[in-house]
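Reader: Got a minute to walk through this one with me? Put it up and we'll start.

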Amino acid sequence: NLGNVASTVGLDEQNEVISIYPNPSSGIVNINFENNNQKTLTVTDISGKVVISEILNSNTSVDLTSFGKGIYIFDLQSEKGNILKKVTIK
């Protein structure tokens with residue numbers, strides 16, 4: 001659900017906690033999660049163009065400052081499922 005702007009989203013029965021913050025951001029977005037199972041991060045702009053795609057094995061920061069202001073969709077996938085989160089870069 002792209003309308004979900006909560007900072008923490010649970011996944012499945014594992015209740016994996018993932019935090020994507022700050023939102024809105026000036027360009028640097030932090031991604032923290034409790035378990036270090038491998039995850040695939042795909043960040044798209046509002047038109048659907050992929051701007052970042054990478055494999056995550058631990059907490060990280062993503063720098064979107066070079067992509068400009070706007071709304072970006074963070075899609076974080078793991079073997080437990082995936083979450084979508086809208087992040088505004090201002």
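Reader: Which residues does Ile-31 touch, leaving out those up to four places away in sequence?
Author: This is a predicted model, to be clear. In it, Ile-31 touches Ile-18, Ser-19, Ile-20, Leu-41, Leu-56, Asn-59, Thr-60, Val-62, Phe-74 and Leu-76.

Reader: And which residues have the most contacts inside the largest nonpolar core?
Author: Ile-31 is one of them. The others are Ile-20, Leu-41, Val-43, Leu-64 and Phe-74. That core has 18 residues.

Reader: Which elements give it two or more residues?
Author: Strands S2 (16–21) and S3 (28–33) do, along with S4, S5, S7 and S8. As a general point, nonpolar side chains tend to be buried together in soluble globular proteins.

Reader: How much of the chain counts as buried?
Author: 37% of its 90 residues.

Reader: And the surface?
Author: About 4,900 Å² is exposed, with 46% of that supplied by carbon and sulfur atoms.

Reader: Switching to the fold. How many helices and strands?
Author: 0 helices and 8 strands. From the N terminus, the run is β-β-β-β-β-β-β-β.

Reader: What order do the strands take in the open sheet?
Author: S5-S4-S7-S8, four strands with antiparallel pairing. Strand S5 (50–56) and strand S8 (81–89) are the edges, each pairing on one side only. From one strand to the next, the twist averages 15°.

Reader: How many bridges join S4 to S7?
Author: 6 bridges. S4 covers residues 39–45 and S7 covers residues 70–78, and the two run antiparallel.

Reader: What's the bridge partner of Leu-41 in S7?
Author: Leu-76. Both Leu-41 and Leu-76 are also on the list of residues that Ile-31 touches.

Reader: What share of the contacts join residues at least 24 apart?
Author: 48%, counting contacts between residues at least 6 apart in sequence.

Reader: Now charges. How many salt bridges does the structure hold?
Author: Just 1. The side chains of Lys-80 and Glu-79 meet at 3.2 Å, N to O.

Reader: Why does that pair count as a salt bridge?
Author: Because the cut-off is 4 Å between a Lys or Arg side-chain nitrogen and an Asp or Glu carboxyl oxygen. The Lys-80 to Glu-79 distance is 3.2 Å.

Reader: Is Lys-80 buried or exposed?
Author: Lys-80 is buried, at 18% relative accessible area.

Reader: And Glu-79, buried or exposed?
Author: Glu-79 is exposed, at 54%. So the pair joins a buried Lys-80 to an exposed Glu-79.

Notes. Residues are numbered from 1 along each chain as its sequence is written. This is a predicted model: local features need pLDDT of at least 70, side-chain atom pairs count only at pLDDT 80 or more; totals for chains, interfaces and linings use all residues. Side-chain values use heavy atoms; hydrogens and water are left out. Buried means under 20% relative accessible area, exposed over 50%, partly exposed in between (1.4 Å probe, protein chains only). Contact means heavy atoms within 4.5 Å. Accessible areas come from the Shrake-Rupley method with a 1.4 Å probe; for residues, only the protein chains shown count as cover. Two strands pair if DSSP finds at least two bridges between them. Axes are lines fitted to C-alpha atoms, for helices over the stretch in contact, and angles run from 0 to 180 degrees between N-to-C directions. A nonpolar core is a set of buried Ala, Val, Leu, Ile, Met, Phe, Trp, Tyr and Cys residues joined through side-chain atoms within 4.5 Å.
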